[in-house]
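Q: I should like a close look at a single part of this model, with enough of its surroundings to place it in the whole. Please treat it as one connected account.

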Amino acid sequence: MLGILRSACVSMERSPGTYAGMSEEDRRQVLLIPLNTQYREQASAEAFNVTGKTDILLKWEDQNLFIAECKIWRGVKSFTEAIDQLFSYAAWRDTKLAVVMFVGEKNLSDIVDKAHHALAEHPQFHEWGSADNEQELRATMRWPGDDRRRGHLNVFFVHIPSDR
């Protein structure tokens, strides 16, 4: 499922003009298409889970397989808030999580560096995992209120500058 999401993000970057004018919700809908193709219509948007509606919820065999929040990059504070929001929507059994950050600014390297630092400073951060590319962060996080429980967080940065 991460590979499917990663491929969809790369496809969006290859046609930035198509996606630059879209809202966060419209971009999220684009990400749902390949997930539902592979997982037989099991991915949904704005699905209620625990305390609110998560952007992407993928269920498989009556279990939550994956939960993701999609956000437009608006700085480190909003990035940290997205992580907190994601965990508030996840139950103890929901350990595969992602944040998809749509970045409209040109200097993506600086943004990934800022997010890397912010994630390392997050109170739930446990350790780094191995990311597949330089536009992705992967970390193991401590579960809120249960230091022995771990969640796996991927952060995807989708670079869609409005003018190239």
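Where does Glu 41 lie?

A: Glu 41 lies in the loop between α3 and β1. The structure is a predicted model, in which local features need pLDDT of at least 70 and side-chain atom pairs count only at pLDDT 80 or more, while totals for chains, interfaces and linings use all residues. Residues are numbered from 1 along each chain as its sequence is written, and side-chain values use heavy atoms, with hydrogens and water left out. The element names follow DSSP runs numbered from the N terminus, a helix being H or I over at least four residues and a strand being E over at least two.

Within this loop, the backbone of Glu 41 has a phi near 65°, a positive value in a residue other than glycine. Arg 40 is found in the loop between α3 and β1 as well, and its phi is also positive, at about 50°, although Arg 40 is not a glycine. Both side chains face the outside by the accessibility criterion, in which buried means under 20% relative accessible area, exposed over 50% and partly exposed in between, with a 1.4 Å probe and protein chains only. Glu 41 counts as exposed because its relative accessible area is 61%; Arg 40 counts as exposed at 63%.

The helix ahead of the loop is α3, which is followed by Arg 40. This helix covers residues 24-38, has 15 residues and reaches 22 Å from its first C-alpha to its last, close to the 21 Å expected at 1.5 Å a residue. The expected span is 1.5 Å times one less than the number of residues. The buried residues of α3 are Glu 24, Arg 27, Arg 28, Leu 31, Leu 32, Leu 35 and Asn 36. These residues pack against two helices and four strands: α1 (2-14), α2 (16-19), β1 (43-49), β2 (52-60), β3 (63-72) and β4 (96-103).

Leu 31 of this buried set can be followed further through its partners, where contact means heavy atoms within 4.5 Å. One partner is Leu 5, found in helix α1; at 0% relative accessibility, Leu 5 counts as buried. Leaving aside neighbours within four places in sequence, Leu 5 is in contact with Leu 31, Phe 66, Val 100 and Phe 156. Val 100 in turn has its place in strand β4 and is buried, with a relative accessibility of 0%. Beyond the residues up to four places away in sequence, Val 100 touches Leu 5, Cys 9, Leu 31, Glu 69, Cys 70, Lys 71, Phe 156 and Val 158. Val 100 and Glu 69 stand 31 residues apart in sequence, yet their C-alpha atoms are 6.2 Å apart.

Other parts of the chain give a contrast to this buried set. His 117 lies in helix α5 (residues 108-121) and counts as exposed at 52% relative accessibility. Arg 142, in strand β6 (residues 136-143), counts as partly exposed at 23%. The contacts of Arg 142 outside its neighbours within four places include Phe 87, Gln 124, Asp 147 and Arg 149; the C-alpha atoms of Arg 142 and Gln 124 are 4.8 Å apart across 18 residues of sequence.

For the whole protein, the secondary structure comes to 5 helices and 7 strands, in the order α-α-α-β-β-β-α-β-α-β-β-β from the N terminus on. Buried residues make up 45% of the 164 residues. Among contacts between residues at least 6 apart in sequence, 55% join residues at least 24 apart.

The radius of gyration, taken over C-alpha atoms, is compared with a globule rule of 2.2 Å times the number of residues to the power 0.38. For 164 residues a compact globule would have a value near 15 Å, and the protein agrees because its own value is 15 Å. Along the principal axes, the C-alpha atoms fill a box of roughly 45 × 35 × 25 Å.

The accessible surface, from the Shrake-Rupley method with a 1.4 Å probe, comes to about 8400 Å², and 46% of this area belongs to carbon and sulfur atoms.
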